[in-house]
Amino acid sequence: VAPGEIASLFGINLGGVSATAAVLPLPTNLQHTTVFVSQTISGTTTTQTLPLFYTSTGQINFQMPFLTAGVAAQVFSSVEGVNSNGLGFLPSAAAPQIFTASLGATTIGVVAHGVGGALVTAASPATGGEVVVIYCTGLGLVSPLVASGQPSPVPPSTTTATTTAMVGGQQAAVQFSGLTPGLVGLYQVNAVIPQGLASGQQQLTISVGGTASKAVVTYVQ
């Protein structure tokens with residue numbers, strides 16, 4: 001898990017009736033559920049209350065704050081003041097992952113045409129030389145820094161580490177890597193589809209500071 005990433009916590013009795021945040025900035029209490037993360041640096045422990053996207057009895061979706069990478073942290077939830085057990089983890093500088101969508105039996109990466117914003121699919125493939133928008137999370141620190149739970153600004157914050165993209169084994173020139181304006185925790189990478197790729201299904205990955213995402217399916221022609 002990287003600082004600023006959209007993350008999920010799973011368990012039992014984490015909350016009550018399912019609820020989704022309806023306002024920005026994101027609330028830190030949703031249907032009486034809260035989530036905390038603590039980190040100790042140089043003997044000083046800091047505990048933060050996390051912004052929540054969604055809560056239910058078995059799952060909570062939240063934004064991880066911009067913690068210090070490489071320093072052990074602990075996350076726990078609370079329902080009306082009753083705390084869960086804690087879960088220890090080690091934040092990474094980056095943990096990039098591309099969002100996916102299911103189209104029938106096929107799972108594809110959430111990649112949009114740079115012009116028009118329609119999803120890249122088998123019926124609407126990207127073309128060589130076209131700029132596409134890859135929606136992802138876990139790209140780590142950005143500049144300027146955005147407070148947890150706050151919508152991303154305009155002009156947008158950009159990632160501080162170098163981002164690369166690969167399509168069909170070829171490098172795609174990255175034109176932008178940073179937060180999507182107006183949303184929370186959502187990153188995007190604007191990249192140029194390489195020329196000369198075979199038409200059809202291709203594998204897409206992104207890397208931040210040398211840490212690669214899992215491959216997802218996209219389509220080119």
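Which residues line the largest cavity? The views below answer this and show two cores and a sheet. This is a predicted model, in which local features need pLDDT of at least 70, side-chain atom pairs count only at pLDDT 80 or more, and totals for chains, interfaces and linings use all residues. Residues are numbered from 1 along each chain as its sequence is written, and side-chain values use heavy atoms, without hydrogens and water.

**View 1. The largest cavity.** Its lining consists of Gln63, Phe66, Val146, Gln150, Ser152, Leu179, Val184 and Gly185 (lining residues have an atom within 4 Å of a point on a 1 Å grid where a 1.4 Å probe fits but cannot get out). The volume is about 30 Å³. Four lining residues are nonpolar, four are polar and none is charged.

**View 2. The largest nonpolar core.** This core holds 29 residues (buried, under 20% relative accessible area with a 1.4 Å probe, and joined through side-chain atoms within 4.5 Å). Ile134 and Ile206 have the most contacts inside it. Strands E14 (131-137), E17 (163-167), E20 (187-192), E21 (200-208) and E23 (216-220) each give two or more residues (strands are DSSP runs of at least two residues). E23 supplies the largest share, four residues.

**View 3. Another core.** Apart from the largest core lies another, of 19 residues. Among them are Ala7, Ala21, Ile60 and Val75.

**View 4. An open sheet.** Four strands run in the order E1-E6-E5-E2, with antiparallel pairing (at least two DSSP bridges between two strands). E1 (6-10) and E2 (19-20) are the edge strands. Five bridges join E1 to E6 (residues 59-63). Leu9 has Ile60 of E6 as its bridge partner.

Conventions
Buried < 20%, exposed > 50% of the residue type's maximum accessible area, 1.4 Å probe, protein only. 1 Å grid on protein atoms, 1.4 Å probe; cavity = no way out; pocket = protein on both sides within 12 Å on 5 of 7 lines; lining within 4 Å. Points joined across faces, edges and corners; volume = space filled by probe spheres on them. Nonpolar A, V, L, I, M, F, W, Y, C, P; charged D, E, K, R; others polar.
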